[in-house]
Amino acid sequence: MPIALVTGPTSGIGRAFALQLAARGLDIVLVARDAARLEALADNLRARFAVSVEVLVADLTDRDDLARVEARLLAAERPIHTLVNNAGFGAGTVFEAATPEQLDRMIALHVTAVTRLTHAALPGMRARRSGLVLTVASVAGLLPAMSTPPYGATKAYQVALMEGLAGTLVGSGVSVVAVCPGLTRTDFHQRAGLDLSRLPSVVWLSPHRVVSDALRAAARGVVISIPTKRYRYAIRAASLIPRGTSARIVRRGKPRG
Ligand SMILES: NC(=O)c1ccc[n+]([C@@H]2O[C@H](COP(=O)([O-])OP(=O)(O)OC[C@H]3O[C@@H](n4cnc5c(N)ncnc54)[C@H](OP(=O)(O)O)[C@@H]3O)[C@@H](O)[C@H]2O)c1
């Protein structure tokens with residue numbers, strides 16, 4: 001049975017990936033920090049889908065923990081067919097108010113961990129001529145000027161990494177996808193200390209929809225997946241605005257300081 005390794009499956013989009021991949025019959029490796037939530041999800045997947053599930057408790061911003069997850073991806077025994085780089089978090093503060101440690105953690109999780117895990121996964125996939133890497137970036141990665149730094153900048157890095165790798169993997173049997181969801185109902189905003197409760201329901205996506213669109217896009221060989229038509233049209237329209245102009249619009253829309 002092919003095996004998928006999913007980072008950040010204890011809630012939200014990562015949990016939906018674990019559920020949908022297990023429902024397709026893939027065995028699953030779950031990676032996050034919260035051991036109790038990981039074990040509860042593992043039991044749930046085993047009971048519902050009769051798949052085999054491994055749990056790796058790891059903080060991907062910690063060098064030693066990251067090395068353990070890399071080692072799992074490099075293992076020739078029970079090789080990983082699908083890597084889902086999903087773990088991430090938002091910062092509820094403006095750039096200048098973030099502590100150096102908060103900045104380091106975001107770069108470690110969104111940039112270093114995604115790069116290193118993908119780097120560990122690809123050689124085996126290439127040798128087997130079969131594999132898939134999905135990285136959950138964001139619409140913020142397509143329009144970083146309209147997002148809070150450094151979140152949008154780290155997500156732009158993820159999109160650029162997947163796009164760059166896609167070119168090197170043509171004809172290899174391995175594909176990569178940058179999944180770019182818009183606002184999705186998960187624990188993300190509450191954890192970041194953001195209150196978006198006044199936004200209309202039309203802007204919100206479900207984690208299930210994000211994942212089913214992403215898996216459909218992967219099957220079609222799409223490199224940048226923007227779940228739902230409404231977000232695809234919105235991003236296309238916003239991309240027509242010149243970069244300098246969009247930065248000015250954002251500056252005008254924000255309170256001074
Ligand atoms: N929600 C949105 O509106 C939205 C929109 C666009 C993109 N995204 C992206 O989607 C991805 C998933 O976010 P979500 O919305 O599903 O948020 P979420 O519900 O808060 O889930 C985040 C997941 O990441 C894990 N995680 C966080 N820090 C980690 C670390 N240091 N090491 C290992 N795992 C860690 C968490 O698990 P533990 O706490 O157990 O470690 C959790 O399972 C993120 O990359 C986010 O940037 C979200």
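A residue counts as exposed if 12 or fewer other C-beta atoms lie within 10 Å of its own. The close-ups below come from a predicted model.

**View 1. Ala50, a residue with positive phi in the loop between α2 and β3.** Ala50 follows this cut-off: it has 9 C-beta neighbours inside 10 Å, so it counts as exposed. Its phi is near 55 degrees, a positive value in a residue other than glycine. The flanking elements are α2 (35-49) and β3 (53-57). Most residues other than glycine have a negative phi.

**View 2. Arg78, in the loop between α3 and β4.** Here phi is positive, about 45 degrees, although Arg78 is not a glycine. Helix α3 spans 63-74 and strand β4 spans 82-85. Arg78 counts as exposed because it has 12 C-beta neighbours inside 10 Å.

**View 3. The cis peptide bond between Pro149 and Pro150.** Omega is about 0 degrees at this bond. Pro150 sits in the loop that runs between α5 (139-142) and α6 (151-168). Most peptide bonds are trans.

**View 4. The shell around the ligand.** The ligand is surrounded by 29 residues. Gly8, Gly12, Arg33, Asp34 and Gly88 are the closest. Two elements, α1 (12-23) and α7 (188-191), each give two or more residues to this shell. The largest share is from α1, with three residues.

**View 5. The ligand shell by residue class.** Which classes make up the shell around the ligand? Polar residues number 12 and nonpolar residues 11. Six charged residues complete the shell.

Conventions:
Residues numbered from 1 in each chain as written. Predicted model: local features only at pLDDT ≥ 70, side-chain atom pairs only at ≥ 80, totals over all residues. Helix = DSSP H or I, 4+ residues; strand = E, 2+ residues; numbered from the N terminus. Buried ≥ 20, exposed ≤ 12 C-beta atoms within 10 Å, placed from the backbone. Near = placed C-beta within 6 Å. Nonpolar A, V, L, I, M, F, W, Y, C, P; charged D, E, K, R; others polar.
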